[in-house]
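Work through the exercises below with the sequence and the structure in view, and try each task before you read its solution.

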Amino acid sequence: MSSFLSVPGPIKTLFDSFPLATYPPISKQDDSMDDEISRRKFAFQGSNARQDTPNNTFMLGVYNVFTETESNCLFATDPLCLYAQFALCRKNGLGLPNRSNCEGRGYTHTIALLSHTASAKESLPILIEGFSKRNIRSAEGIDEILRARVSHDAEQLMYITMLDRVVYDCWIAQVLYHTTEQQFLNLYSHDPENTSALLGHLAIGNMKLALVKRNEFHLRHKELVKNIESPLNVYKARSLNHLLDPIFEKCKKTLLQFQDMMSGASNDESPTYLELKIASYILCILNLDETTTLRVFVENQCQELTNQARLTVQRLQKAASELAS
């Protein structure tokens, strides 16, 4: 007579055919993910960039980067991101990143390519400080800190605010209406080729919708934003010239005024935050497609401002090397 607790014969036969086995734990190490993260991070240069512990490091998150030919350094493709990059170098005595990745460098301050969705407000740059306990500063928080650094100089703050309204608005109008989809992705996607192949037009539309909400562009140009938000996605530059032309004309006038103003600036000291702000716009504009109207204007009419921007980078690098020595 079989016991109530005994295993029925058919089930016992099944269990005997597939005995219980203990397998080793699954490793949490994801080599492919580590490789992807490493590919999208670049180290700031200089002795001040290396830290004893990861908790003392920071990572600046930007949309994408390009190699600037004069300096052979990596610059963020967006002017607000590039300004934050320059400001971090100035404050911490850091050299600008290059194409070498972070492997084998220990704990370093880095710049990383991130999706705009990495931020709660879908806006970059962001600054991630620490490792085990992280502090994340939003684009708005970074802007507030950088403005506080020039709060003692009302004139410099006024000029920075002007650039972030007039020239910034022209920059956004140019990248929205005068670039191809691939050119836009090269500026505002951390992985342009895969984004274009996998997500296509819908992803680009989402990126543009997030971009127009940054720096209050959507409040200053409501009609343009309404056009971008159109579900038909039929906006074209030619049909909006009455809105776009005044933005471009105001930007041209402002850049020429700054060129006259900066012509006698001293080049012996570490660059001011105003000089870093001007350089961030000029260098990003020069990274636009060579047929873009804003780039053509800067190349033809703002040669002194272009030279000043490149000299600003040289002075920034020089100041970093002197501070580290």
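**Exercise 1: a salt bridge and its exposure**

R137 is partly exposed, with a relative accessible area of 30%. The model is a predicted one, and the values used here are computed from it.

Task: Find which residue R137 forms a salt bridge with, and state how far apart the closest N and O atoms are.

Solution: Begin at R137 and look for its acidic partner, which is E129, with the closest N and O atoms 2.9 Å apart. Next, compare this distance with the cut-off, which asks for a side-chain nitrogen of Lys or Arg within 4 Å of a carboxyl oxygen of Asp or Glu. Finally, turn to the exposure of E129, which has a relative accessible area of 24% and is therefore partly exposed, since this class lies between the limits of 20% and 50%.

**Exercise 2: salt bridges within helices**

Task: Explain how D143 and R147 are placed in helix α4, and then say where E249 and K252 lie.

Solution: Start with D143 and R147, whose side chains meet in a salt bridge at 3.1 Å, taken from N to O. Because D143 and R147 are 4 residues apart in helix α4, about one helical turn separates them. D143 itself is partly exposed, its relative accessible area being 31%.

Now take the second pair, E249 and K252, which form a salt bridge whose closest N and O atoms are 3.1 Å apart. Both of these residues belong to helix α11, which covers residues 241–262, and they sit 3 residues apart, about one turn of the helix. E249 has a relative accessibility of 44%, and so counts as partly exposed. Beyond single pairs, salt bridges that share partners link D143, R147, D164 and K277 into one network, and a search of the whole structure finds 11 salt bridges.

**Exercise 3: the second largest pocket**

Task: Describe the second largest pocket by stating how much space lies in it, which residues are closest to its centre, and which helix gives the largest share of its lining.

Solution: First, the space in the second largest pocket comes to about 440 Å³. Of the 21 residues that line this pocket, A139, E140, D143, R214 and N215 are the closest to its centre. Second, the largest share of the lining, 6 residues, comes from α4, while α3 (79–92), α4 (139–148) and α5 (154–177) each supply at least two residues. Third, sorting the lining residues by character gives 8 nonpolar, 2 polar and 11 charged. Last, domain 1 (39–144) and domain 2 (152–323) each contribute at least three residues to the lining.

How values were computed
Residues are numbered from 1 along each chain as its sequence is written. This is a predicted model: local features need pLDDT of at least 70, side-chain atom pairs count only at pLDDT 80 or more; totals for chains, interfaces and linings use all residues. Side-chain values use heavy atoms; hydrogens and water are left out. On a 1 Å grid over the protein atoms alone, a cavity is a set of points where a 1.4 Å probe fits but cannot get out, and a pocket is an open set with protein on both sides within 12 Å along at least five of seven lines; lining residues have an atom within 4 Å of a point. Grid points are joined across faces, edges and corners, and a volume is the space filled by probe spheres set on the points. Ala, Val, Leu, Ile, Met, Phe, Trp, Tyr, Cys and Pro count as nonpolar, Asp, Glu, Lys and Arg as charged, and the others, Gly among them, as polar. Domain bounds come from an automatic or database domain assignment. Buried means under 20% relative accessible area, exposed over 50%, partly exposed in between (1.4 Å probe, protein chains only).
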